[in-house]
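Reader: Please take a close look at one part of this model, a small sheet with the helix packed beside it. I would like the pairing, the packing and the ligand surroundings in one connected account.

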Amino acid sequence: MKSDYRTLDLRPYQLVHIVAVLGANPGCDAGELDFGSARLNAAVREMRALAYVPVRLRANVTSIYAFQNPGHDEDTEGGATLNTARDLDILQRLGLVPGATMPAIDLFDLLLTAMPTVDDIVGYGEAVPARWAEGPAATADGVAAMGGSDAAEAYRKGVARGLGALFVLRKSEEMARVKQDSAKAMLEAKSLRIRPHHLMCMTCFYGGREGELAPIEEDNLCEAIVAMQRNPEIPVTLVQGPCMICPPCPYYDQAANLCYLHVGIGLRDEKKDTDVLRLLGLDYGDTLPAKDLLALLYERVPSTKLVCGYKDGIERGPSWRICDNPEGSERYRKGRAQGIGVVGQS
Ligand code: SF4
Ligand code: SF4
């Protein structure tokens with residue numbers, strides 16, 4: 001898999017600035033807006049071209065994190081102390097450290113979720129000591145960063161616009177067309193390609209519907225269950241990454257065959273996949289009849305706590321959030337007990 005991405009360097013305050021500019025210009029396409037400097041405009045263009053381009057957050061600090069100091073070229077007015085205080089405020093609110101690197105769309109998703117307002121961030125609503133402005137002069141490199149309550153209000157409006165204001169997201173008409181085609185392909189297939197933990201999601205889907213199985217727009221979980229119910233012997237190959245269940249998913253990038261959004265969804269899914277493979281003693285590429293694969297799953301994985309709850313049920317950060325009950329999904333318990341209408345049927 002390709003791993004030679006170019007990394008964009010941004011200051012934490014520049015994340016807030018980008019969202020505030022979007023909020024101050026409702027209805028405007030991010031690709032046509034001026035974010036205050038040629039470098040920021042180029043960064044926004046890159047994020048729109050590749051939503052998961054890595055972004056590294058750099059801030060001027062004096063501790064052992066100084067290895068990543070960006071220099072003061074893009075400090076805004078207000079003095080060096082204000083610039084450091086504001087960047088540290090934002091990093092702290094995001095639970096990140098200077099130098100942290102994340103895919104752009106995950107980073108902005110985290111920003112919008114963890115920081116819906118900036119009123120209590122230094123330089124926006126939070127009071128700034130007058131002495132700070134007397135410090136070494138800032139050399140703002142054309143980044144006309146907004147500050148004060150105007151920026152806080154614009155930021156709030158930018159947050160309300162959501163990720164679609166900055167990134168190019170899937171269109172609902174396209175997802176609906178893909179849903180139709182991929183659901184048909186699943187129901188007509190002679191064999192299935194499924195990522196390992198999706199066998200568990202199928203079980204939660206079945207258990208949560210109390211016998212009222214019906215397709216949904218967002219994925220092909222229902223169709224996968226129906227394909228297995230119609231032919232419990234259908235060969236299922238365990239695949240790495242998105243699978244036949246994924247094409248209509250709002251988080252799916254069909255061209256790249258990757259999923260993103262929802263802060264770290266691809267990460268969590270890969271961990272769940274490798275955990276399921278480990279518990280089943282299988283690997284990617286292995287193929288088993290559906291009913292044997294599910295029987296093995298239900299024997300070895302009695303609860304989602306072992307996979308989705310990371311064994312101890314402790315959520316350690318936004319990228320590692322736990323789906324459903326940390327102690328185990330009731331939907332999975334019910335679906336497993338009924339073998340999703342595939343295992344234990346005579
Ligand atoms: S609890 Fe786990 S298996 Fe169930 S839907 Fe969530 S991710 Fe899938
Ligand atoms: S989040 Fe990813 S793995 Fe899950 S259904 Fe969507 S595309 Fe597939």
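Author: Two strands count as paired if DSSP finds at least two bridges between them. Helices (H or I, at least four residues) and strands (E, at least two) are DSSP runs, numbered from the N terminus. The model is predicted, so to speak of its limits: local features need pLDDT of at least 70, side-chain atom pairs count only at pLDDT 80 or more, and totals for chains, interfaces and linings use all residues. Residues are numbered from 1 along each chain as its sequence is written, chains are lettered from A and ligands numbered from 1 in the order written, and side-chain values use heavy atoms, without hydrogens or water.

First, the setting. The chain has eleven helices and eight strands, and its C-alpha trace spans about 80 × 40 × 35 Å along the principal axes. Of its 346 residues, 47% are buried (under 20% relative accessible area; exposed is over 50% and partly exposed in between, with a 1.4 Å probe and protein chains only). Among contacts (heavy atoms within 4.5 Å) between residues at least 6 apart in sequence, 75% join residues at least 24 apart.

The sheet is open and has three strands in the order E4-E5-E8, with mixed pairing. Its edges are strand E4 (192-194) and strand E8 (287-289), each of which pairs on one side only. From one strand to the next the twist averages 30 degrees (axes are lines fitted to C-alpha atoms, for helices over the stretch in contact, and angles run from 0 to 180 degrees between N-to-C directions). E4 and E5 run in the parallel sense and share three bridges; here Leu-192 stands opposite Val-236 of E5. On the other pairing, strand E5 (residues 235-238) meets E8 in the antiparallel sense, also over three bridges. Pro-235 has Pro-289 of E8 as its bridge partner, and Thr-237 is matched with Thr-287 of E8.

Within E4 sits Arg-193. Arg-193 is partly exposed, at a relative accessible area of 48%. Apart from neighbours within four places in sequence, Arg-193 is in contact with Thr-237, Val-239, Cys-243 and Met-244. The C-alpha atom of Arg-193 lies 45 Å from that of Asp-87, with their positions 106 residues apart along the chain.

Now the helix. Nine of the eleven residues of H7 are buried, so H7 is largely enclosed by the rest of the structure. The buried residues are His-198, Leu-199, Met-200, Met-202, Thr-203, Cys-204, Phe-205, Tyr-206 and Gly-207. They pack against the strands E4 and E5 and the helices H8, H9, H10 and H11. Just after H7, Glu-210 has a positive phi of about 45 degrees.

One of these neighbours is H11. Two packed helices are described by the angle between their axes and the distance between the axes. The axes of H7 and H11 come within 7 Å and cross at roughly 90 degrees. The two helices are therefore roughly perpendicular to each other (65 to 115 degrees; under 35 is roughly parallel, over 145 roughly antiparallel and the rest oblique). On the H7 side the contact is made by Met-200, Thr-203, Cys-204, Tyr-206, Gly-207 and Gly-208, and on the H11 side by Arg-331, Tyr-332, Lys-334, Gly-335 and Arg-336.

Another neighbour, helix H10 (residues 290-300), has Ala-290, Leu-293, Leu-294, Leu-296, Leu-297 and Tyr-298 as its buried residues. Their cover includes helix H7 (198-208), helix H8 (221-230), helix H9 (265-280) and helix H11 (330-337), along with strands E5 and E8.

That leaves the ligands. Around ligand 1 are Met-200, Cys-201, Cys-204, Lys-272, Cys-308, Cys-323, Asp-324 and Arg-331 (a residue is near a molecule or strand if one of its heavy atoms lies within 4 Å of it). H7 gives the largest share of this shell, three residues. Met-200 and Cys-204 also belong to the contact of H7 with H11, as does Arg-331 from H11. Ligand 2 has a shell of Arg-195, His-198, Cys-246, Cys-249, Tyr-251, Tyr-252, Cys-259, Ile-265 and Asp-269. His-198 in that shell is one of the buried residues of H7.
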